[in-house]
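Colleague: Could you take me through a close look at one part of this model, and then follow the thread outward from there? I'd enjoy hearing the reasoning as well as the numbers.

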Amino acid sequence: MSCILHIETSTEVCSVAVSQDGEVIFHEENYEGQQHATLLGKFVDEGLSFADSHAIPVDAVAVSCGPGSYTGLRIGVSMAKGICYAREIPLIGIPTLELLCVPVLLSDKLPEDAFLCPMIDARRMEVYTAVYDRALRPIRSVDAKIIDETSFADLLDQRPIYFFGNGAQKCQAMLTHPNAHFLDNVQPLARWAFPLAEKAIALQDFKDVAYFEPFYLKEFVATQSKKLL
């Protein structure tokens, strides 16, 4: 087990956490909108000071790597890289959609056959989403989807799907299948990243600090547009 600093800035929430041996020992969150540039440095300083004051060496930095807000991800990844350079510790990238699934899985209230569908809001009826089983194996890979009444129909005919994240609420009126379930107030927060970060450490799945870039929504849109040409 390790001590890990976690940074999450992919949506309107800014959050930082420190975990040790699979337990969160510090966390700070702000839900008041896009204040990442102002708050992230303060939260990170508090988290590192907490670890240092308890003589706990930080072994790695885990940062949410998208999809998500271009500005938010850029701020979070830049901060994470700087800490990794300064402290000579490894960088871990946490996929934001997988991170959204963690609190849902930890609640242990899902049927065994349930699929999970995290959604990040884009524009109008578009969301950035994927579908996972309870082991976080991808059933549908990350995609930009315009939601209508037929979305996910083939999967919903097979088993229940739980939709959540800041893009799910606007889809609720469209997805009326009996197997469609919606969970409120599920946010991608730094304090939920520790299971994914611990797994990355066990697998030695680290990012190249010099070249790592997050999964920006605007770059995803550009890639999808080129495919249509």
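Modeller: Happily! Let's start at cysteine 65 in this predicted model. Cysteine 65 counts as buried, because its relative accessibility is 12% and the cut-off for buried is under 20%. Is cysteine 65 in a disulfide, and how far away is the nearest cysteine sulfur? Going by the whole structure, there are zero disulfides. Cysteine 65 is accordingly in none, and its nearest cysteine sulfur, that of cysteine 84, is 13 Å away. A disulfide needs the two sulfur atoms within 2.5 Å. Cysteine 3 tells a similar story: the closest cysteine sulfur to its own is again in cysteine 84, at 13 Å, so the gap is too far for a bond. Cysteine 3 is buried too, with a relative accessible area of 2%.

Staying beside cysteine 65, look at the peptide bond that joins glycine 66 and proline 67: it is cis, with omega about 10°. Most peptide bonds are trans, and most residues other than glycine have a negative phi. Proline 67 sits in the loop that links β4 (60-64) to α2 (70-87).

That brings us to backbone angles elsewhere. Aspartate 21 is not a glycine, yet its phi is positive, near 50°. Where is aspartate 21? You will find it in the loop between β2 (14-20) and β3 (23-30). These two strands make a hairpin with two residues between them, and aspartate 21 belongs to the turn. Aspartate 21 counts as partly exposed because its relative accessibility is 47%. The pairing of β2 with β3 is antiparallel and runs over seven bridges; within it, valine 18 stands opposite phenylalanine 26 of β3.

Phenylalanine 152 is another non-glycine residue with a positive phi, here about 65°. Its loop lies between β8 (138-146) and α4 (153-156). Is phenylalanine 152 buried or exposed? Phenylalanine 152 is buried, since its relative accessible area is 5%.

Back in the hairpin, strand β2 also holds serine 15. Serine 15 counts as buried, because its relative accessibility is 0%. What does its side chain reach? It reaches the backbone nitrogen of alanine 190, at 2.9 Å. Setting aside neighbours within four places in sequence, the residues in contact with serine 15 include His6, Ile7 and Glu8, along with Glu28 and Glu29. Pro188, Leu189 and Ala190 are also among them.

Finally, follow β8 into its sheet. This open sheet has five strands, in the order β8-β7-β6-β9-β10, with mixed pairing. Its edges are β8 and β10 (180-182), each of which pairs on one side only. On average, and ignoring direction, neighbouring strands here are turned by 20° against each other. Within the sheet, β6 (residues 115-121) and β9 (residues 161-164) run parallel and are joined by four bridges, where proline 118 has phenylalanine 164 in β9 as its bridge partner. Helix α3 (residues 96-107) lies across β6, β7 (126-132), β8 and β9, and runs at about 125° to β6.

Conventions: Residues numbered from 1 in each chain as written. Predicted model: local features only at pLDDT ≥ 70, side-chain atom pairs only at ≥ 80, totals over all residues. Heavy atoms only, no water. Buried < 20%, exposed > 50% of the residue type's maximum accessible area, 1.4 Å probe, protein only. Pairing = 2+ DSSP bridges. Axes fitted to C-alpha atoms, helices over the stretch in contact; angles between N-to-C directions. Contact = heavy atoms within 4.5 Å. Polar contact = N/O pair within 3.5 Å; in protein donor to acceptor, adjacent residues only side chain to side chain.
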